[in-house]
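User: I am a first-year student, and I would like a close look at one part of this model. Please start with the charges, then move to the aromatic rings.

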Amino acid sequence: GHKEIDIIALHQHVLVFIEVKTRRSSKFGNPEESVNDKKAQAVVEAAQQFMSKTEMTYKDIRFDIIAIILNQGQVKDFLHIQDAFY
């Protein structure tokens, strides 16, 4: 199936896979709350596929979430959660 990773970054020798969630309001919950176990597992599987296809080896990897709430197209709130899946 199709799996995707929003951002892949390198931070201080750690390969970071980042899921970005954006909402126009927090009326129905914060954006980070939409990353459930199923979505987290899909990101982990996509990361495994990425690493196997690119033959990249890193001692440390990390999974983060960036949650953004917008107000009329402008960033109202921004949250970066490191090691969000574990």
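How many positive and negative side chains does the chain have, and how far apart do the centres of the two sets lie? After that, which residues do ring pairs link into a cluster?

Analyst: The chain has 11 positive and 12 negative side chains. The centres of the two sets lie 7 Å apart. Lys and Arg count as positive, Asp and Glu as negative; His and the chain ends are left out. Each charge is placed at NZ of Lys, CZ of Arg, CG of Asp or CD of Glu.

This is a predicted model, so local features need pLDDT of at least 70 and side-chain atom pairs pLDDT 80 or more, while totals for chains, interfaces and linings use all residues. Residues are numbered from 1 along each chain as its sequence is written, and side-chain values use heavy atoms, without hydrogens or water.

Next, the layout. The chain has one helix and four strands. Their order from the N terminus is β-β-α-β-β. Helices (H or I, at least four residues) and strands (E, at least two) are DSSP runs, numbered from the N terminus. The C-alpha trace spans about 40 × 30 × 20 Å along its principal axes. The chain has 86 residues, and 30% of them count as buried. Buried means under 20% relative accessible area, exposed over 50%, and partly exposed in between (1.4 Å probe, protein chains only).

Now the rings. Ring pairs link Phe-17, Phe-50, Phe-63 and Phe-85 into a cluster. The count of aromatic pairs is three. Rings of Phe, Tyr and Trp (its six-membered ring) pair if their centres lie within 6.5 Å; planes under 30 degrees apart are stacked, over 60 edge-to-face, the rest tilted.

Take Phe-17 with Phe-50. This pair is edge-to-face. The ring centres are 6.0 Å apart, and the planes meet at 80 degrees. Phe-17 sits in strand E2 and Phe-50 in helix H1, so the pair ties together parts that are 33 residues apart in sequence. Buried or exposed? Phe-17 is buried, at 0% relative accessibility. Phe-50 is partly exposed, with a relative accessible area of 24%.

Phe-17 also pairs with Phe-63, and this pair is stacked. Here the centres are 5.6 Å apart, with 25 degrees between the planes. This pair links distant parts of the chain as well: Phe-17 in strand E2 and Phe-63 in strand E3 are 46 residues apart. Phe-63 counts as buried, at 5% relative accessibility.

Rings from this cluster turn up again in a nonpolar core. Such a core is a set of buried Ala, Val, Leu, Ile, Met, Phe, Trp, Tyr and Cys residues joined through side-chain atoms within 4.5 Å. The largest core has 13 residues. Ile-5, Phe-17, Ala-47, Phe-63 and Phe-85 touch the most other members. Strand E2 (14-23), helix H1 (37-54) and strand E3 (61-71) each supply at least two of the core residues. H1 gives the largest share, six residues. In soluble globular proteins, nonpolar side chains tend to be buried together.

Look at Ile-5 in this core. Setting aside neighbours within four places in sequence, Ile-5 is in contact (heavy atoms within 4.5 Å) with Phe-17, Ile-18, Val-43, Ala-46 and Ala-47. There is also a second, separate core of five residues. Val-14, Val-16, Ile-18 and Ile-68 are among them.

Strand E2 holds a charged residue too: Lys-21. Lys-21 is buried, at 18% relative accessible area. Not counting residues up to four places away in sequence, Lys-21 touches Pro-31, Ser-34, Val-35, Lys-39, Ile-66, Ala-67 and Ile-68.

Contacts across the chain follow a related theme. Among contacts between residues at least 6 apart in sequence, 52% join residues at least 24 apart.

Finish beyond strand E3. Gln-72 lies in the loop between E3 and E4. Gln-72 is not a glycine, yet its phi is positive, about 55 degrees. Gln-72 is exposed, at 79% relative accessibility. Gln-74 lies in strand E4 (residues 74-81). Gln-74 is exposed too, with a relative accessible area of 55%. Gln-74 and Arg-24 are 50 residues apart along the chain, and their C-alpha atoms are separated by 9.5 Å. Asp-83 lies in the segment after E4. Phi of Asp-83 is also positive, near 50 degrees, in a residue other than glycine. Asp-83 counts as partly exposed, at 43% relative accessibility.
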